[in-house]
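Visitor: I'm new to reading protein models, and I'd like a close look at one part of this one. Could you walk me through it slowly?

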Amino acid sequence: MDGETIMTQAKLIDGNAFSANLREEITARVHEIRDFHHVTPGLAVVLVGEDPASQVYVRNKNKRAAECGMKSFEHVLPADTSEHHLLNLIEGLNDDPEVHGILVQLPLPKHIDAQKVIETIRPDKDVDGFHPWNVGMLASGGIGMIPCTPLGSLMMLRDHLGPLTGLKAIVVGRSNIVGKPMAHLLIRESCTVTIAHSQTRDLPAEVRAADIVVAAVGRPEMIRGDWIKPGATVIDVGINRIGLPDGKSKLVGDVKFDEAVKVAGAITPVPGGVGPMTIACLLRNTLTAAARLHRLDIPEANPWN
Ligand SMILES: Nc1nc2c(c(=O)[nH]1)N[C@@H](CN(C=O)c1ccc(C(=O)N[C@@H](CCC(=O)O)C(=O)O)cc1)CN2
Ligand SMILES: [Mg+2]
């Protein structure tokens, strides 16, 4: 150190390690309910079309479910599958007693109405937490299913910060999948929450006021280091693939990591931050769904707190 500039370095919040621990706990619980209650949680994952990224996510979901001792049912349908056919498949899964969790990988092909598909999934099997019933439960403080990415983000925040009561949080992005549920979760934690979006005036000033920054805008490296309040905790939900001058590509978040890591108190990297938690929380939601459907008295059947 030269004695003049003291460079701080944020703590890295390791989503790979966190998700591995969570999956270990889930595995133990799956074995317990299989041995003592003769219930094996089952997850059905539906993919329509051949999007390469979606194929990877679906393969990982099934692989991770099987590793935890769950049953996994994979339904891969061609891109030209009719909406009618997809809805029939979901109704079959709704009625299948071996299936406790149903997930339809997004995005869906344009000719299919994604909202209609989401609304066809039984709310108590909706392990993505996207059904309006679950959305309403989260917003009104009831017991529903919490969307996986916000749940994983909150678990990491609580692990790093302890109780979040009274902290100022900003959620940048207002999507139904991440921004809005994240804001509701943070309100439930007694944070003071700002939801920012593309029309927000003076976004840097809004971000600078926050103790917790959740970046979920889907714009590569938009949030700069000098927007971050020193010591703040930064959760970067963005996963953006950008081209490099040498023709290769790399994954970056919504936060300019090299800058933010020098200012923040803690930050999630991309990759290896929030992403792995999304799949671990999907498995946790599947365990939760199985426990609730069979009225098992295990902690995972209760609201996450
Ligand atoms: N029905 C759903 N569709 C989609 C969801 C979802 O939660 N439910 N989320 C995303 C995709 N997704 C899971 O489905 C997902 C994306 C990324 C990761 C992840 O672990 N990413 C890695 C990097 C991966 C890479 O190298 O490309 C990381 O961040 O470390 C997990 C799950 C959209 N669709
Ligand atoms: Mg559509």
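At what angle do helix H6 and H7 pack, and how far apart are their axes?

Guide: Happy to! Keep in mind that this is a predicted model. Helix H6 covers residues 148-161, and it packs against H7 at an angle of about 40 degrees, with the two axes 8 Å apart. Angles under 35 degrees would count as roughly parallel, and roughly perpendicular starts at 65, so H6 and H7 come out as oblique to each other. The crossing of H6 past H7 is right-handed. On the H6 side, the contact is made by Pro150, Ser153 and Leu154, and on the H7 side by Pro181, Met182 and Leu185. Sort those residues by class and you get 5 nonpolar, 1 polar and no charged.

Now stay with H6, since it has another partner. Helix H10, residues 274-293, packs with H6 at an angle of about 110 degrees, and their axes are 8 Å apart. That angle makes H6 roughly perpendicular to H10, because the range for that word runs from 65 to 115 degrees. H6 brings Cys148, Thr149, Leu151, Gly152, Ser153, Met155 and Met156 to this contact, while H10 brings Val274, Met277, Thr278, Ala280, Cys281, Leu282 and Asn285. By class, that's 9 nonpolar residues, 5 polar ones and no charged ones. If you're following along in the 3D view, look for Ser153: it's listed in the contact with H7, and it's listed in the contact with H10 too.

Next, go back to H7 and look at what comes just before it. Strand S5 (168-172) and helix H7 (179-188) have a loop between them, and Arg174 lies in that loop. UniProt, in an unreviewed entry, places a "binding site" feature at Gly173, Arg174, Ser175 and Ile239. Is Arg174 buried, exposed or something in between? The answer is partly exposed, because Arg174 has 18 other C-beta atoms within 10 Å, and a residue needs 20 or more to count as buried. Skip the neighbours within four places in sequence, and Arg174 is in contact with Gly179, Lys180, Ile195 and His197.

Ile239, from that same UniProt list, sits in another loop, the one between strand S8 (233-236) and strand S9 (240-243). Ile239 also counts as partly exposed, because it has 18 C-beta neighbours inside 10 Å. Leaving out residues within four places in sequence, its contacts are Leu251, Val270 and Gly275.

Val270 is worth a pause. A cis peptide bond joins Val270 to Pro271, with omega at about 0 degrees. Pro271 lies in the loop between S11 and H10, so our path has brought us back to the helix that packs with H6. There's a cis peptide bond between Leu106 and Pro107 as well, where omega is about 5 degrees. You'll find Pro107 in the loop between strand S4 (101-104) and helix H4 (114-120).

While you're around S11, check the loop that leads from helix H9 (257-260) to strand S11 (266-267), where Val263 lies. Val263 is buried, because 20 other C-beta atoms lie within 10 Å. Not counting residues up to four places away in sequence, Val263 touches Gly225, Ile228 and Pro230. Val263 and Gln9 are 254 residues apart in sequence, yet their C-alpha atoms are 7.1 Å apart in space.

Finally, follow H10 to its far end. Arg295 lies in the segment after H10, and its phi is near 50 degrees, a positive value in a residue other than glycine. Arg295 is exposed, because it has 8 other C-beta atoms within 10 Å. His38 gives you another positive phi in a residue other than glycine, this one near 55 degrees. It lies in the loop between helix H1 (15-37) and strand S2 (42-48). His38 counts as exposed, because there are 8 C-beta neighbours inside 10 Å.

Methods: Residues are numbered from 1 along each chain as its sequence is written. Chains are lettered from A and ligands numbered from 1 in the order in which they are written. This is a predicted model: local features need pLDDT of at least 70, side-chain atom pairs count only at pLDDT 80 or more; totals for chains, interfaces and linings use all residues. UniProt positions are given in the numbering used here, feature names are shortened, and annotations may be inferred rather than shown by experiment. Helices (H or I, at least four residues) and strands (E, at least two) are DSSP runs, numbered from the N terminus. A residue is buried if 20 or more other C-beta atoms lie within 10 Å of its own, exposed if 12 or fewer, and partly exposed in between; C-beta atoms are placed from the backbone. Two residues are in contact if their C-beta atoms, placed from the backbone, lie within 7 Å. Axes are lines fitted to C-alpha atoms, for helices over the stretch in contact, and angles run from 0 to 180 degrees between N-to-C directions. Angles under 35 degrees count as roughly parallel, over 145 as roughly antiparallel, 65 to 115 as roughly perpendicular and the rest as oblique. A crossing is left-handed if the near helix is turned anticlockwise from the far one by less than a right angle, and right-handed if clockwise. Ala, Val, Leu, Ile, Met, Phe, Trp, Tyr, Cys and Pro count as nonpolar, Asp, Glu, Lys and Arg as charged, and the others, Gly among them, as polar.
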